[in-house]
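Visitor: Could you walk me through this one? I'd like to start with the cysteines and then move on to the empty space inside.

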Amino acid sequence: MLTSPSSSSTYDSFSSNFSPSLTNAFSSSFTIPMGLKLSRKVTRARIFSRKIKDRSTLKVTCRRSQERVVEEEASTMTETKKLFNVSSGEVSPLGVSQVDKGINFALFSQNATSVTLCLSLSQSGKDDTNDDGMIELVLDPSVNKTGDTWHICVEDLPLNNVLYGYRVDGPGEWQQGHRFDRSILLLDPYAKLVKGRSSFGDSSQKFAQFYGTYDFESSPFDWGDDYKFPNIPEKDLVIYEMNVRAFTADESSGMDPAIGGSYLGFIEKIPHLQDLGINAVELLPVFEFDELELQRRSNPRDHMVNTWGYSTVNFFAPMSRYASGEGDPIKASKEFKEMVKALHSAGIEVILDVVYNHTNEADDKYPYTTSFRGIDNKVYYMLDPNNQLLNFSGCGNTLNCNHPVVMELILDSLRHWVTEYHVDGFRFDLASVLCRATDGSPLSAPPLIRAIAKDSVLSRCKIIAEPWDCGGLYLVGKFPNWDRWAEWNGMYRDDVRRFIKGDSGMKGSFATRVSGSSDLYQVNQRKPYHGVNFVIAHDGFTLRDLVSYNFKHNEANGEGGNDGCNDNHSWNCGFEGETGAAHIKSLRTRQMKNFHLALMISQGTPMMLMGDEYGHTRYGNNNSYGHDTSLNNFQWKELDAKKQNHFRFFSEVIKFRHSHHVLKHENFLTQGEITWHEDNWDNTESKFLAFTLHDGIGGRDIYVAFNAHDYFVKALIPQPPPGKQWFRVADTNLESPDDFVREGVAGVADTYNVAPFSSILLQSK
C-alpha cells in the first residue's frame with residue numbers, strides 16, 4: 001500500500017519464493033516514490049524479474065561489491081515479512097529518540113547530497129531471517145531534510161537492540177575538503193550506545209563494524225532512595241588517575257575472567273581505594289574507543305593494543321567492551337551506572353578523562369572512516385588552506401571544536417554524561433586544542449571553553465584542562481578559565497621532580513610550587529585548587545621508574561625507542577633499572593616517599609597515579625599506551641607484598657592531608673599563614689628547604705623540611721606555639737612503621753638531623 005509523500009507511508013519488505021539455486025549473496029531492494037528504499041541482503045548474484053499486478057517498478061540491487069544496480073519489472077508479491085510506517089520525522093534532537101509515532105532518527109550534515117538510514121533487526125530477536133541484511137531507507141531531501149539536518153521517523157521498530165548506521169554521499173572533491181564515500185556504513189555521532197567488537201583486544205575482530213543502537217525498553221536505572229552525590233569541595237579532593245580495565249584485568253586480581261577488567265570488576269576493588277584514602281577517581285577514556293586501531297595495517301606498532309583509550313569512536317556511549325562477559329552496549333551502560341553508584345556510595349567522585357581534540361579516524365594518508373569524516377569532514381575537522389587535515393593532536397586529525405555544530409556536540413555529550421551517568425567532572429585531554437579557531441589559530445576567549453564554564457547542567461562539575469597540545473600551544477597558568485577551569489600543573493611536575501632529585505637552583509621554584517603556584521593561579525578569582533598538582537601521570541614514568549631510570553626504554557613499542565618524552569627529569573639513584581643493591585633500593589624507596597609527601601603537603605589539588613601506592617614498574621617504558629599486559633595492569637600480589645610498608649606510608653600521608661586544613665587552604669597563603677625558615681634563597685647550590693604552616697586556631701602547626709643534598713643537614717627547629725611541643729609524624733629515612741606515625745612521636749629537640757635525600761614532617765600538639 002502506497003500513500004502520498006506528505007503523509008505516513010507503508011512499505012513492505014518481502015521475500016519472493018526463490019529457488020534453492022538463488023540463495024547466495026545478493027540484495028533485493030524496493031524503491032518507493034517518496035525516495036525511501038527498503039533493501040535486504042539475501043543471497044547470490046543472479047538477477048531475476050517477475051511482474052506484479054500494479055506494474056510498479058521493483059529495483060533489485062546486487063550488493064556483492066555494492067556496485068551493480070539493475071531495474072526490473074516484477075509481477076506478484078508473495079509474502080509480506082515486515083511493515084514499517086515511515087514519516088518525515090523531526091529535526092531534533094539529533095541521534096535517535098522515541099516519539100509518539102515511533103523511533104526518530106536525525107543526522108546533521110551540511111554538505112551531504114544524500115543520506116541513507118541503514119537498519120539491522122538481527123540483534124533484536126525480531127528478525128526472522130538468518131542473514132546479515134540491512135534495511136536501507138533512502139531519505140528524500142525534499143521531505144526528510146530541514147536546514148542541514150536529515151531526519152526520518154520509523155514506526156513499528158523494536159524498542160531496543162536495533163543496529164543502525166548511515167550511508168552518506170556528497171561532493172567528491174578532496175581538494176575542497178570533502179571525504180564522502182557512500183560505500184562506508186557510518187556511525188551516528190549522537191548514538192547513545194555503540195555496538196562494536198564483542199571482546200576487548202580480539203584481533204580476529206579488528207575490522208568489526210561500529211553500529212549505533214538504542215534502548216527504549218529497559219526500566220530507568222535505580223539510583224536508590226538514599227543515593228546522593230558526594231559533592232566534595234575542590235580544595236578537599238585527592239585524585240587517583242586510573243584505567244578501568246587495567247585496574248582488575250590481571251589474574252592477580254583473583255577475579256573471574258568474565259568480570260576482570262570490567263565496570264563490575266572495578267566495583268569489587270573499591271575497598272582498596274577507600275583504604276588508600278583517595279576521594280576522586282580520574283578514569284582514563286571510557287567513551288567507546290578503538291583499541292585495535294594500530295592493527296588495521298602492517299606497521300611497526302601493529303602488535304599493540306591501545307589500552308589507554310585515546311582513540312575515541314563516539315562521545316556519548318560507554319566503552320562496550322568494559323561490560324562483563326561479551327561486549328554488550330546495553331549492559332555496559334547499566335554496569336557503568338552501577339560502578340558510579342558504588343563509588344558515590346563510598347564517598348568517591350568520578351572524573352572522566354575526555355578526548356575532544358581528535359577521533360579514531362586518523363589522517364589522510366591512512367584514513368579510517370567510521371563516522372565524522374564521512375558525514376561532513378569540512379565541519380567536524382580543522383583543515384588548512386589547502387583543505388588538508390590539521391594535526392594539533394599528534395594523532396592525524398583535530399576536531400573542529402569551536403565550530404558551532406561541533407561545539408554543541410561536545411556540550412551535549414558532556415551534559416549526557418552528567419545527567420545520564422551522574423559523573424562529577426571531566427579532565428580534558430590536550431585542552432589547548434579546544435582554544436583554537438576553526439583555522440587552528442589560538443583564541444583568547446574560546447566560545448567552547450566559555451560555554452562549558454557557564455553551562456548550568458555542568459555547574460556542579462569539576463572541569464580540568466590539560467593546558468597544552470601537540471601544536472605548541474602551552475597554556476599552563478594562562479588557560480582561559482572564567483574562574484572555573486582548573487589545570488594540570490605541568491610546571492609543578494617538572495619543578496618538584498628537579499628539586500627532589502637534587503638539581504641545583506631549584507629551591508625557590510620548589511617553594512613556589514608547594515605553596516600553591518601563586519605565580520600561575522593568583523589571578524582574578526582563581527584559587528590554589530585550580531592547580532592540579534602531580535608528579536606522575538599515565539603518560540611518562542611511573543613513580544618507581546622515575547627513581548630507577550635516567551632514560552626511557554620504549555623498545556617494546558616498535559618505534560626504535562623514538563616515541564615518548566625525553567625530558568623526564570628522572571634519576572636512577574646510581575643504577576639504570578632493576579637492581580638487588582640494598583643501598584640503591586633504600587634510596588629509591590626514600591625518594592618515592594619524598595615525592596609523595598611533597599605532593600600531599602602542597603597547596604592545590606593533588607593527583608596520583610594508579611599503582612604508585614605499591615611501586616608499579618613499567619621497566620622504563622614511558623609511553624606504554626599499547627600494552628594490554630602486566631606493564632599497565634595493576635599487580636595485586638605486588639600490593640599485598642607492600643601493604644605494611646610502602647602502601648601504608650602512602651595511605652597514611654593521604655589521610656593526614658584530609659584531617660589537616662592547613663594543607664588545603666581555600667585561598668592563597670598569606671604572610672601570617674606560612675613561615676619560610678630560609679635566608680639562603682640566592683644560593684643555587686642550596687638544596688634544603690624548611691617551612692612552617694601555621695594553624696592559627698588550634699595551634700596545630702605543621703613543620704616540613706626537605707633535604708635534597710647527599711649529606712645530612714642539621715636543621716634548627718623553630719619554637720612551637722605556646723603550650724605546645726613538636727611531635728615527629730614523618731621521616732622518610734626511617735623504616736616502616738616509624739617512617740609515619742599518625743599520632744606523632746614526642747621528644748623532638750631544638751635541632752633535627754635530616755638525612756640525605758629525605759624529608760620530615762612535625763606537628764605541634
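Guide: Cys401 is a good place to begin: in this predicted model, its relative accessible area is 0%, so the residue is buried.

Visitor: How far is the sulfur of Cys401 from the closest cysteine sulfur?

Guide: The closest one belongs to Cys435 and lies 9.3 Å away, which is too far for a bond. A disulfide would need the two sulfur atoms within 2.5 Å, and a search of the whole structure finds 0 disulfides.

Visitor: And Cys118, buried or exposed?

Guide: Cys118 counts as buried, because its relative accessibility is 0%.

Visitor: Switching to cavities, how many of 30 Å³ or more are there?

Guide: The count comes to 5. The largest cavity holds about 120 Å³ of space and is lined by 16 residues, with Asn243, Leu609, Met610, Arg618 and Asn632 lying nearest its centre. That lining divides into 8 nonpolar, 6 polar and 2 charged residues.

Visitor: What about the second largest, which elements supply its lining?

Guide: Helix H12 (582–601) and strand E23 (605–609) each supply at least two of the lining residues. The volume of this second largest cavity is about 80 Å³, and its lining, which includes Phe595, His596, Leu609 and Asp612, divides into 9 nonpolar, 1 polar and 1 charged.

Visitor: Last one: where does Pro220 lie?

Guide: Pro220 lies in the loop between strand E15 (211–213) and strand E16 (239–242), and it counts as exposed because its relative accessibility is 78%. Its C-alpha atom is separated by 9.6 Å from that of Lys334, although the two residues are 114 apart along the chain.

How values were computed: Residues numbered from 1 in each chain as written. Predicted model: local features only at pLDDT ≥ 70, side-chain atom pairs only at ≥ 80, totals over all residues. Heavy atoms only, no water. Helix = DSSP H or I, 4+ residues; strand = E, 2+ residues; numbered from the N terminus. Buried < 20%, exposed > 50% of the residue type's maximum accessible area, 1.4 Å probe, protein only. 1 Å grid on protein atoms, 1.4 Å probe; cavity = no way out; pocket = protein on both sides within 12 Å on 5 of 7 lines; lining within 4 Å. Points joined across faces, edges and corners; volume = space filled by probe spheres on them. Nonpolar A, V, L, I, M, F, W, Y, C, P; charged D, E, K, R; others polar.
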